[in-house]
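Biologist: I am new to this structure and would like a close look at a single part of it. Could you pick one helix, walk me through its surroundings, and then place it in the rest of the chain?

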Amino acid sequence: MDRLDRAFDWDAFLEPVWLSVKISFTASLLVMVLGIWTAHRIGGRRFFGKTLLETALLLPLVLPPTVVGFLLLVLLGRRSWIGRLWEWWFDRPVIFTWHAAVIAAVVVAFPLVYQTLKAGFASVPCEVKDAARLDGAGEWQLLFGILLPLSARSLAAAYVLGFARALGEFGATLMVAGNIPGRTRTIPTAIYAAVETNQWQLAGLWSAALACIAFALLLATRPRR
């Protein structure tokens, strides 16, 4: 351990870990809100164009992360109205900040969260939902009083999947947030930088930390026997 302490700075090692957890926690909360709203509003309904809309929402699941990152650069860059509005409001561009990493994580995690929540809401019997509507329940009462409590396991699984996907995001994050030490360097980008500079021990420790966090998240959602 003394030899390891002399080999590298522990603060520098922990910095990407805390930043990754912070980005993943923020992104997972945002993507859960978006996923719950979307799954409730369009998941169980039939309307013209639903297939095209859902296909567009699921595109980040199959597109290469670099393509997702490029599209986000176009949407959030200083030449776009979103980028200019952000810069006017916060007096700084969104690109190459940890906020950009959060946005990238939300985009790539959304398909997994949406599909999981949609399946969870669909598992609630139609008779239960129809009875609630007959008793005068509105859509929000139906969501918070019936759907969410009865699909709690899917809710937990969706959150864990969203958090884990955000935690492991690399390509899109590198495109829109970069790999700036202390500002946007997450565990995946830190591993990439460590391998590039031949710091294999450091890359191995970060990989182990990432694997342990992901393992703990998945273990927490496993059914008890």
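Modeller: Happily; what follows is a tour that starts at helix α2, moves to its partners, and then goes out to a few other places in the chain.

Please keep in mind that this is a predicted model. A little orientation will help before we zoom in. The protein chain contains 12 helices and 0 strands, so reading from the N terminus on, the elements simply run α-α-α-α-α-α-α-α-α-α-α-α. Along its principal axes, the C-alpha trace of the protein chain spans about 70 × 55 × 30 Å. The protein chain has 225 residues, and 38% of them count as buried. Contacts that bridge the sequence are well represented: among those between residues at least 6 apart in sequence, 70% join residues at least 24 apart.

Now to the part I picked. Helix α2 covers residues 10–43, and helix α3 covers residues 50–62. Their axes come within 12 Å and cross at roughly 160 degrees. Because angles over 145 degrees count as roughly antiparallel, α2 is roughly antiparallel to α3. The crossing of these two helices, α2 and α3, is left-handed. If you want to find the contact by eye, look for T38, I42 and G43 on the α2 side. Facing them from α3 are K50, L53, E54 and L57. Sorted by class, this contact of α2 with α3 has 3 nonpolar, 2 polar and 2 charged residues.

G43 deserves a pause. This glycine is found in helix α2, and it counts as buried because its relative accessibility is 10%, under the 20% cut-off. Leaving aside neighbours within four places in sequence, G43 is in contact with T38, K50, E54, Y114 and K118. For a sense of distance, compare G43 with G182, which sits 139 residues apart from it along the chain. The C-alpha atoms of G43 and G182 are separated by 40 Å.

Two of the residues that G43 touches, E54 and K118, also pair with each other. Their side chains meet in a salt bridge, at 2.9 Å from N to O. This pair links distant parts of the chain, since K118 belongs to helix α6 (residues 98–122) while E54 belongs to helix α3, 64 residues apart. How exposed are the two partners? E54 is buried, with a relative accessible area of 12%, whereas K118, at 25% relative accessibility, counts as partly exposed. As a general point, side chains of opposite charge can pair when their charged atoms come close.

Let us return to α2 and look at another of its partners, helix α8, which covers residues 139–150. The axes of α2 and α8 come within 12 Å and cross at roughly 110 degrees. Because angles of 65 to 115 degrees count as roughly perpendicular, α2 is roughly perpendicular to α8. From α2, the residues that take part are I36, W37, H40 and R41. From α8 come E139, W140, L142, L143, L147 and L148. By class, the contact of α2 with α8 has 7 nonpolar, 1 polar and 2 charged residues.

With α2 in place, we can follow the salt bridges further, as the count comes to 3. Besides K118 with E54, the side chains of E87 and R78 meet at 2.5 Å, N to O. Here E87 is partly exposed, with a relative accessible area of 22%, while R78 counts as exposed at 55% relative accessibility. E169 and R165 form another salt bridge, with 3.2 Å from N to O. Of these partners, E169 is buried, at a relative accessible area of 2%, and R165 counts as partly exposed at 25%.

The last stop is the backbone of two loops. Most residues other than glycine have a negative phi. D91 has a positive phi of about 60 degrees although it is not a glycine. You will find D91 in the loop between α5 (81–90) and α6, and at 69% relative accessibility it counts as exposed. N198 also has a positive phi, near 65 degrees, and is a residue other than glycine. N198 lies in the loop between α11 (187–196) and α12 (200–221), and counts as exposed at 57% relative accessibility.

Technical notes:
Residues are numbered from 1 along each chain as its sequence is written. This is a predicted model: local features need pLDDT of at least 70, side-chain atom pairs count only at pLDDT 80 or more; totals for chains, interfaces and linings use all residues. Side-chain values use heavy atoms; hydrogens and water are left out. Axes are lines fitted to C-alpha atoms, for helices over the stretch in contact, and angles run from 0 to 180 degrees between N-to-C directions. Helices (H or I, at least four residues) and strands (E, at least two) are DSSP runs, numbered from the N terminus. Angles under 35 degrees count as roughly parallel, over 145 as roughly antiparallel, 65 to 115 as roughly perpendicular and the rest as oblique. A crossing is left-handed if the near helix is turned anticlockwise from the far one by less than a right angle, and right-handed if clockwise. Contact means heavy atoms within 4.5 Å. Ala, Val, Leu, Ile, Met, Phe, Trp, Tyr, Cys and Pro count as nonpolar, Asp, Glu, Lys and Arg as charged, and the others, Gly among them, as polar. A salt bridge is a side-chain nitrogen of Lys or Arg within 4 Å of a carboxyl oxygen of Asp or Glu. Buried means under 20% relative accessible area, exposed over 50%, partly exposed in between (1.4 Å probe, protein chains only).
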